[in-house]
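Student: I should like to learn how to read the features of a protein model one at a time. May we take the structure below as the example?

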Amino acid sequence: MSLQSVLFDMKASVSDYLRDRPIPLPDGITQCRNISYGSHGKWSLLDVYYPDGTAEALPTIVSIHGGGYVYGTKEIYRRYGMDMARRGFAFVNFNYRLAPKWKFPTPLWDTNDVMEWVCKNAVRYHLDPSRIILVGDSAGAQLASQYAAIASNPDYAALFHMTVPEITIRALGLNCGVYDIAAQAVSPRKGIQLDYLGRSLPDDDPRFRVLDAIGANYPPAFITTACHDFLRGNAKPMYDLLRSRGIRAQWKCYGTEDDESISHVFHVNISLPEAAVCNDDTAAFFREILSE
């Protein structure tokens, strides 16, 4: 693991611990924990959250956690996932294999395995494969945007030797992300890019050309960032790209220049009033799309 990734891992783990420690788990949510969706031990575990008393299939949020491809688990998204479930969704929160041990495109294969699991277990856990909402933040937003391209473009999916299960991604929630992975793949790669992408793949590997693979069937997207998000500059260009392709999209920047607490992936910190506003806005966008 590169020094950049080691330092990122250390900083993020402390920050996430301090963020979550004082926040109680939301009430009124059923948790189904540590379910295996694959054959990779702890890396193939997921949780499902839904409102207590649920008897019918709910629109289903599948969340890809962030962490620069080298850090993170479902545990640091538990409170956020339960908070989104309070808004009337089922929420699937999963681990995936991390770099540098597992490189591109391993998280995308794991995401596809989760989608297969959703299809097979939909009735038991009140999931609806015809109403999937895919969300992610930071590196998870990149992965969510790329998996949506795979799921909506068979020619692009073929590059990954991937068969997408019978799901319908109705909407995306892309939070504080970076989307042009082709720009990240340019040699010489170093730091997190090297840890995830490795050295062996050529710069022009067609699988890196995510933005070129976005076509008319790509799902509508709600794109968020914050005034003090270090990836803020990626949000508006992604919005502009989607709109130029005729894809429905919204983007919003939260916080103010004088409040540095509203920064990267702020929406996961459900104790923040701005996170509640952002997550309410996101849920409203999803409901509007689902009603059409």
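Student: Where is His-161 placed?

Tutor: Helices and strands here are DSSP runs, numbered from the N terminus, where a helix (H or I) has at least four residues and a strand (E) at least two. His-161 has its place in the loop between helix H6 (154-159) and E6. This is a predicted model, in which local features need pLDDT of at least 70 and side-chain atom pairs count only at pLDDT 80 or more, while totals for chains, interfaces and linings use all residues. Residues are numbered from 1 along each chain as its sequence is written, and side-chain values use heavy atoms, with hydrogens and water left out.

Student: Is His-161 buried or exposed?

Tutor: A residue is called buried under 20% relative accessible area, exposed over 50%, and partly exposed in between, using a 1.4 Å probe and protein chains only. His-161 counts as exposed because its relative accessibility is 77%. Its backbone also deserves attention: phi is positive, about 50°, although His-161 is not a glycine.

Student: What is the phi of Cys-176?

Tutor: Cys-176 also has a positive phi, near 55°, and is a residue other than glycine. Cys-176 lies in the loop between E6 and H7. With a relative accessible area of 1%, Cys-176 is buried.

Student: How should I read the order of strands in a sheet?

Tutor: Two strands pair if DSSP finds at least two bridges between them. In this model, an open sheet of 8 strands follows the order E1-E2-E4-E3-E5-E6-E7-E8, and the pairing is mixed. Strand E1 (29-36) and strand E8 (249-254) are the edge strands, each pairing on one side only. From one strand to the next, the twist averages 20°.

Student: Which strands does E6 pair with, and in what sense?

Tutor: E5 and E6 pair in the parallel sense over 6 bridges, and 4 bridges join E6 (residues 169-175) to strand E7 (residues 221-226), again running parallel. Gly-173 of E6 shows both pairings: Gly-173 is the bridge partner of Val-135, and in E7 the bridge partner of Gly-173 is Phe-222. E6 is mostly covered, since 6 of its 7 residues are buried.

Student: In which direction do the side chains of a strand point?

Tutor: In a regular strand the side chains alternate between the two faces of the sheet.

Student: Which helices lie against this sheet?

Tutor: Contact means heavy atoms within 4.5 Å. Angles run from 0 to 180 degrees between N-to-C directions, with axes fitted as lines to C-alpha atoms, for helices over the stretch in contact. Helix H2 (residues 78-85) packs on the sheet, and the strands it touches include E1, strand E2 (45-51) and E6; the direction of H2 makes about 35° with that of E2. Helix H9 (residues 235-244) lies across E6, E7 and E8, and runs at about 165° to E8.

Student: Which residues does Ala-235 touch?

Tutor: Ala-235 lies in helix H9. Not counting residues up to four places away in sequence, Ala-235 touches Ile-223, Thr-225 and Trp-251. Ala-235 is buried, its relative accessible area being 3%.

Student: How do I recognise the two sides of a helix?

Tutor: An α-helix has 3.6 residues a turn, so residues three or four places apart point the same way. In helix H1, the buried residues are Ser-5, Ala-12, Asp-16, Arg-19 and Asp-20. They cover an arc of only 70° around the axis, taken from the directions from the helix axis to the C-beta atoms, and therefore lie on the same side of H1. On the other side of H1, Leu-3, Met-10 and Lys-11 are exposed. What covers the buried residues of H1 includes H2 and helix H8 (191-197).

Student: Which peptide bonds are cis?

Tutor: A cis peptide bond joins Phe-104 and Pro-105, with omega about 5°. Pro-105 is found in the loop between E4 and helix H3 (106-120). The bond from Ser-187 to Pro-188 is cis as well, with omega near 0°. Pro-188 belongs to the loop between helix H7 (181-184) and H8.
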